[in-house]
Amino acid sequence: MTAARLIELWRGGLRESSHLGHVVISDADGVVEAWGNPGTVIFPRSSCKMIQALPLVESGAADAVGLGPEHLALACGSHNGARSHVDRVEAWLSGLGFEDEDLRCGAHMPRDPQEYRRLLCSDASPCQVHNNCSGKHAGFLTLKRHINAGPEYVELDHPVQRAVRRAFEEVTGETVAGWGLDGCSAPNFACTVEGLARAMAGFARPRSGKRGAAQRRLFEAMAAHPDLVAGEGRACTDLMRAMRGRAVVKTGAEAVFVAIVPERGLGVALKVSDGGTRGAEAAITALMVHLGLLSAEDPVVAKYLTGPIRNWRGFETGEMRCASGFPN
């Protein structure tokens, strides 16, 4: 099966561009709906951070140092590097006796405009805590400390990453199809779109035991703190706020998105083939409307899907639409 046409851009009454991709909606029993090829192998990138955080909670490491919902939301997040994010990560590290140099994610300028301006105007360099993945890495460090493992926690054969791989394979129900190095230097394990949706369905209807308790806690942390999962002006935060805790969504680089929908027992995974964020944000918005989690009239739907596209003079130039048959 080939990729399905998901989102289209129209201008002057003509279709100008199309975003093709693969989408799976799954429950505990398997695929409920799909577009494109459910068996397409992808890198989930940052969309799977809640899976990467499972060993942190299951091992007892989170409770051993008193991590709360804010910490867990940051561990699952790709934050903007705003002061509200950076200060929390710094305090987390300091409380465990770690410093910025103990992180292995690398530094980049923050996405948050105020923090970006502060660094630029003060001629200061960003620290690793500004990295959008610093919450995930703080979680890795917490687990590393708990199991008394070595400092290079992003290496493939490190006990932290072995635990992550084991959890990843268990919740996706697949042996990893390969691995690549993510932007933050941690391994990213490949799976099918179907496997990723299956994993999210597991978070939606967690079973009993340590695994289920960890999945429930991570979902609840993300739902309670959408601002820590991404930040102001970001689709993840905007959509979760609009859904008021009924579902969580998480993006990943190269146009991956997932959703966890407990009230329906559903997990959603999508990959836009061209890697375009615009298409992925529009597609996940359409799916949330399709599943009854958002009203088509909600302003957030207009922001990411149905609102007119305007030029620099404010003239309406085009629009995005769902392609025929997506979603049904």
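**Strand pairing, buried side chains and ring pairs**

User: In the hairpin of β9 and β10, which residue takes a positive phi?

Analyst: The hairpin of β9 and β10 has four residues between its strands, and one residue there takes a positive phi near 65 degrees. This is a predicted model, in which local features need pLDDT of at least 70, side-chain atom pairs count only at pLDDT 80 or more, and totals for chains, interfaces and linings use all residues. Residues are numbered from 1 along each chain as its sequence is written, and side-chain values use heavy atoms, with hydrogens and water left out. In that numbering, the residue with the positive phi is G265.

User: Strand β9 pairs with β10 over how many bridges?

Analyst: Strand β9 covers residues 256-261 and β10 covers residues 266-272, where strands (E, at least two residues) and helices (H or I, at least four) are DSSP runs numbered from the N terminus. Two strands pair if DSSP finds at least two bridges between them, and one of the partnerships here sets V261 against L266 in β10. The sense of the pairing is antiparallel, and the number of bridges between β9 and β10 is six.

User: Which residue of β10 stands opposite S26?

Analyst: Strand β2, residues 14-27, is joined to β10 by six bridges, and these two strands run antiparallel. The residue of β10 that stands opposite S26 is G267.

User: How many residues of β10 are buried?

Analyst: Along β10, the residues L266, V268, L270 and V272 point one way, while G267, A269 and K271 point the other way. Both groups are buried, a class that means under 20% relative accessible area, with exposed set at over 50% and partly exposed in between (1.4 Å probe, protein chains only). The strand is mostly covered, and of its seven residues the number buried is seven.

User: Which residue has its backbone nitrogen 2.9 Å from a polar atom of the side chain of N188?

Analyst: N188 lies in strand β6, residues 187-189, and N188 counts as buried because its relative accessible area is 2%. Setting aside residues up to four places away in sequence, N188 touches nine residues named F43, P44, R45, C48, Q52, G178, W179, G180 and D182, a contact being heavy atoms within 4.5 Å. The side chain of N188 also has a polar contact of 3.4 Å with the side chain of D182, whereas the backbone nitrogen that lies 2.9 Å from a polar atom of the N188 side chain belongs to R45.

User: How are the rings of W35 and F326 arranged, and why?

Analyst: Rings of Phe, Tyr and Trp (its six-membered ring) pair if their centres lie within 6.5 Å, with planes under 30 degrees apart counted as stacked, over 60 as edge-to-face and the rest as tilted, and by this rule there are three aromatic pairs. The centres of the W35 and F326 rings are 5.2 Å apart and their planes stand at 90 degrees, so the pair is edge-to-face. This pair links distant parts of the chain, since W35 is in strand β3 (residues 30-35) and F326 is in the segment after β12 (316-322), a separation of 291 residues. W35 is buried at 8% relative accessibility and F326 is buried at 2%, and the arrangement of their rings is edge-to-face.

User: How many residues apart in sequence are the parts tied together by the rings of F168 and F189?

Analyst: The rings of F168 and F189 have their centres 6.0 Å apart and their planes at 50 degrees, so this pair is tilted. F168 counts as buried at 1% relative accessibility, and F189 is buried as well, with a relative accessible area of 2%. F168 lies in helix α8 (residues 159-172) and F189 in strand β6, so the sequence separation that the pair spans is 21 residues.

User: Which cysteine has the sulfur closest to that of C191?

Analyst: A disulfide is a pair of cysteine sulfur atoms within 2.5 Å, and a search of the whole structure finds zero of them. C184 is therefore in no disulfide, its nearest cysteine sulfur, that of C133, being 4.0 Å away. C184 is buried at 2% relative accessible area, and C191 is likewise buried at 2%. The sulfur of C191 is 7.6 Å from the closest cysteine sulfur, too far for a bond, and that sulfur belongs to C48.

User: How far apart are R83 and E115 in space, C-alpha to C-alpha?

Analyst: R83 is found in helix α5, residues 83-95, and R83 is partly exposed because its relative accessible area is 30%. Leaving aside neighbours within four places in sequence, R83 is in contact with R88, E90, E115, R118 and H130. R83 and E115 are 32 residues apart in sequence, and their C-alpha to C-alpha distance is 6.7 Å.

Technical notes. A polar contact is a pair of N or O atoms within 3.5 Å; within protein, one must be able to donate a hydrogen and the other to accept it, and residues adjacent in sequence count only if both atoms are side-chain atoms.
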